[in-house]
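Visitor: I have this one open in my viewer and would like to talk through its empty spaces and its ring contacts. Could we begin with the enclosed space?

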Amino acid sequence: MTMQDTTTQDTVTQETRTRAVAPGRAAGELELKRTEFELAVQLGHIRTTAGASEGPPRVAQEEIARLRAAEGFPETLRERVRTVGTVEGAELLSISPARFTRLARTGHVTPIRFYLNRYRAVVWLYLAEELLGFARAHPALLTGRTPPALRSLLEEGEDRRARNWRGRRLGMLLRVTADPWERAAAIASVLDAVTVAEVVPDPYERSRLRVLRPELVPARPESPASHAVVEHLLLADHPDEILWHRVNLSQALREARESCPAPRPAARTGQAGQAGRPRQAVPRGGHPLPKRRSPYGRGLLRRLRLRRPGAVS
């Protein structure tokens, strides 16, 4: 690419950013709540462009015009991001909340979000559009007795809601970035520190992953008890799930290394010794020189300094 082509591309990029607006303004023009707007972006319903200086993504005016011109705007767009809890989801499918919970625990419907109520209980949210699609595809699961295979899973305490949410959230993060290190960091975000250290023994590579680690949830609760509940939901806890992410992290790490090695501090030479740490002077006898101490002690030296004109204690 010539210098002229690079300049032209930079000009086009700058013009695109100029025509783009911030998320808050885009949400207002699309008549969406901020949470609805964020979910629409995550699901790919709203295309964004990179912000300047690594800022938040922006939405081009052309994209806003496209969405506003769609048939049924804004109700159609709102319906695509409408979320419901267990009770409302059960009403939508004309089944009992208990049956809806059984379907969610066995992985037939996947949560899109969650929050903690006042009792620190996890409240899962589902896309209404997906629930209606599930009802059309699997009407037999909405009536009659629960199949024996599902009853067996439930009796064993199976609950795939958190696991399926983690997989879905991770998929969203991987879709919005092509950077190998960012992709590896996203996968590492669902594994505990011990597992990450086993897969990534190099401390500089682990540091790189920590810097790029994305947030799986927009905000963490402040109370320690609620924070612990959320942290438990963010990390893989099933052996099969952990193994799956370990394998994917190893593959992503290989691709990241090939793309660009993790940054490391420059090694110093001469008197600095290894890893840039200064080396203590050692006499010919082989033992470090002892530190010199004043024969008068610290107290006497301090009193002498205080006697000088203009001294302040």
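Guide: The largest cavity has a volume of about 60 Å³, and please keep in mind that this is a predicted model.

Visitor: How many cavities of 30 Å³ or more does a search of the whole structure find?

Guide: The search of the whole structure gives 1 cavity at 30 Å³ or more.

Visitor: Which residues line the largest cavity?

Guide: Its lining is made of Arg-99, Arg-102, Leu-103, Thr-106, Leu-141, Thr-146, Pro-147, Leu-150 and Leu-154, and by class these divide into 5 nonpolar, 2 polar and 2 charged residues.

Visitor: And which helices supply at least two residues of that lining?

Guide: Helix 7 and helix 9 (148-155) each do so, with the largest share, 3 residues, coming from helix 7.

Visitor: Switching to the rings, how many aromatic pairs does the structure hold?

Guide: There are 3 aromatic pairs in the structure. One of them joins Phe-100 and Tyr-126 in an edge-to-face arrangement, with 5.1 Å from centre to centre and 85 degrees between the planes.

Visitor: Why does that pair tie together parts that are apart in sequence?

Guide: Phe-100 belongs to helix 7 (residues 97-105) whereas Tyr-126 belongs to strand 5 (residues 122-127), so the pair ties together parts that are 26 residues apart in sequence.

Visitor: Is Phe-100 buried or exposed?

Guide: Phe-100 counts as buried because its relative accessibility is 1%, where the cut-off for buried is under 20%. Tyr-126 also has 1% relative accessibility and counts as buried.

Visitor: What about Phe-114 and Trp-165, how are their rings arranged?

Guide: Phe-114 and Trp-165 form an edge-to-face pair, at 5.1 Å centre to centre and with 85 degrees between the planes. This pair links distant parts of the chain, 51 residues apart, with Phe-114 in strand 4 (residues 113-116) and Trp-165 in helix 10 (residues 161-175). Both Phe-114 and Trp-165 are buried.

Visitor: Which residues do ring pairs link into a cluster?

Guide: The cluster consists of Phe-114, Trp-124 and Trp-165, linked by ring pairs.

Visitor: Back to empty space, then: what is the volume of the second largest pocket?

Guide: The second largest pocket has a volume of about 190 Å³, and its lining includes Asp-192, Arg-206, Arg-210 and Arg-213 as well as Ala-185, Leu-191 and Val-196. By class, that lining has 7 nonpolar, 1 polar and 4 charged residues.

Visitor: Which helices each supply at least two residues there?

Guide: Helix 11 (180-188), helix 12 (193-199) and helix 13 (203-212) each supply at least two residues of the lining of the second largest pocket.

Key
Residues numbered from 1 in each chain as written. Predicted model: local features only at pLDDT ≥ 70, side-chain atom pairs only at ≥ 80, totals over all residues. Heavy atoms only, no water. Phe/Tyr/Trp six-rings, centres within 6.5 Å; stacked < 30°, edge-to-face > 60°. Helix = DSSP H or I, 4+ residues; strand = E, 2+ residues; numbered from the N terminus. Buried < 20%, exposed > 50% of the residue type's maximum accessible area, 1.4 Å probe, protein only. 1 Å grid on protein atoms, 1.4 Å probe; cavity = no way out; pocket = protein on both sides within 12 Å on 5 of 7 lines; lining within 4 Å. Points joined across faces, edges and corners; volume = space filled by probe spheres on them. Nonpolar A, V, L, I, M, F, W, Y, C, P; charged D, E, K, R; others polar.
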